[in-house]
Amino acid sequence: MTFRLKADYATVVKLSGSWMPNPYGDTIDMTRGENNVWSVKIALPSPEIYTYNFVVDGVAVNDPQNVLVQRDGTRYLPMLLVPGERTENYGEAVSRHGTVSHPWYDSKILGMSRRLTVYTPYGYEASPKKKYPVLYLLHGAGGDEEAWISMGRTAQILDNLIEKGLAEPMIVVMPNGNPGQAAARTLNIPEKQMNWRAPENQNAYVRSLCEEIVPFIEKNFRAIAKPEARAIAGLSMGGGHTITASILYPQLFDYICPLSAAGSATPEQIAALKKAGVKLYFLACGDTDFLFEGSQALDKTLTEQGLDHIFFVSDGGHVWSNWRLYLNTFAQKLFK
């Protein structure tokens, strides 16, 4: 495949892509051609979603011809979707599409009104009496309530799985895991400074999630208000939030999925989950992830406490390609 950029006054143009060995620093030189169009031809990467940009005389420049863009925290990057078996659920579904909305809830614990991202499945609006199970899906550090929709392809993955009959129709709730933020920084809302050492702020976001967001969803959406109809999953920081929520509220969620998780649990805490009757504990991490040893330790604790679980180990590190894979995998196991 060939990348091209017209840059009349440039002296050096390079291509940077997330498929490269060092996705945060590697570049490939591009060659100036006719009419100052710079180009480079590369072998097609393996099926996955990648991001890329050009570096023009040391300045990062997005592709002006690519309307497919993902936002990763504070960066907007052009997207490249390479088709294949791994990515077959990452594009738009054939005909049945869910709805993504952004409701706000009032948080007394955090002292502000906060924005959520909510996915409702195809048929939700047309079936006013039907109720659905709910997956609470948490992002990592640097993300916000739009991370899983933008980088994680949540709507596309769930649309495809549900359309194919591989996953149960479900509501997916994606909160903002930064307790000082009312919403993503793109809304330009001032952030609240909070003293995290204060006792009243201990696990404030997790408490808001379990004591405020869950009741809000069950009041304002047609959600089944039972543990067997609630799942919680999160990546990295959100994986830590997932573990903490399951520890503090062991009877709230029957499906628990920490992904590349920054967190741990004691034998006593795992024993409490076993007693609560957790239906699925899905632990996942990449084998070169810097948090892999922590996941291995949690897997060992789960095994020693006799809590039936899945330890899904993938290639690679702390990257969205893994987290999309995990969602595509564990979503098929929920609420069955």
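**Exercise 1. In this predicted model, find how strands E1 and E5 pair, and place E1 in its sheet.**

Solution. Start with the pair itself: E1 and E5 (residues 37–41) run antiparallel and are joined over five bridges. For a landmark, look at Leu5, which stands opposite Trp38 in E5. Now widen the view. The open sheet has three strands in the order E1-E5-E4, with antiparallel pairing. Its edges are E1 (2–6) and E4 (31–32), each of which pairs on one side only.

**Exercise 2. Work out which faces of strand E11 are covered and uncovered, then follow the chain into E12.**

Solution. Take the residues of E11 (104–107) by face: Tyr105 and Ser107 are on the covered one, while Trp104 and Asp106 make up the uncovered one. Next, pair the strand. E11 meets E12 (residues 112–115) in the antiparallel sense over four bridges, and Tyr105 has Arg114 as its bridge partner in E12. Finally, check the turn: the hairpin has four residues between the strands, and Gly111 takes a positive phi near 70°.

**Exercise 3. Describe the largest nonpolar core and the elements that build it.**

Solution. A helpful background thought comes first: in soluble globular proteins, nonpolar side chains tend to be buried together. Here the largest nonpolar core has 40 residues. Those with the most contacts inside this core are Tyr136, Ile171, Val173, Ile217, Phe253 and Tyr281. Elements giving two or more residues include strand E14 (134–138), strand E15 (171–174) and helix H3 (204–220). H3 gives the most, with nine residues. To see one of the well-connected residues close up, select Tyr281: leaving aside neighbours within four places in sequence, its contacts include Ile243, Leu273, Leu298, Leu302 and His309. A second, separate core has 36 residues, among them Ala231, Ala284, Ala331 and Leu334.

**Exercise 4. Check the length of helix H6 and find what its buried residues pack against.**

Solution. Count 13 residues in H6; at 1.5 Å a residue the helix should span 18 Å, and the end C-alpha atoms are 18 Å apart, so the two values agree. Then list the buried positions: Phe292, Ser295, Leu298, Asp299, Thr301 and Leu302. The buried residues of H6 pack against H4, H5, E18 and strand E19 (310–314). Just after H6, Gly306 has a positive phi of about 70°.

**Exercise 5. Classify the aromatic pairs Tyr124–Tyr132 and Tyr255–Phe335 by their ring geometry.**

Solution. The model has 14 aromatic pairs. For Tyr124 and Tyr132, the ring centres are 5.5 Å apart and the planes meet at 40°, so this pair is tilted. Are these two residues buried or exposed? Tyr124 has 11% relative accessibility and Tyr132 has 2%, so each is buried, the cut-off being under 20%. Tyr124 has another partner as well: the charged end of Arg222 sits over its ring, 4.0 Å from the centre.

Now turn to Tyr255 and Phe335, whose rings are 5.2 Å apart centre to centre with 65° between the planes, an edge-to-face pair. Both residues are buried. Tyr255 belongs to strand E17 (residues 255–259) and Phe335 to the segment after helix H7 (320–330), so the pair ties together parts 80 residues apart in sequence.

As a last step, look for a ring cluster: Phe3, Trp19, Tyr50, Tyr52 and Phe54 are linked by ring pairs.

Conventions
Residues numbered from 1 in each chain as written. Heavy atoms only, no water. Pairing = 2+ DSSP bridges. Core = buried A, V, L, I, M, F, W, Y, C linked by side-chain atoms within 4.5 Å. Buried < 20%, exposed > 50% of the residue type's maximum accessible area, 1.4 Å probe, protein only. Contact = heavy atoms within 4.5 Å. Phe/Tyr/Trp six-rings, centres within 6.5 Å; stacked < 30°, edge-to-face > 60°. Lys NZ or Arg CZ within 6 Å of the ring centre and 35° of its normal. Expected span 1.5 Å × (residues − 1).
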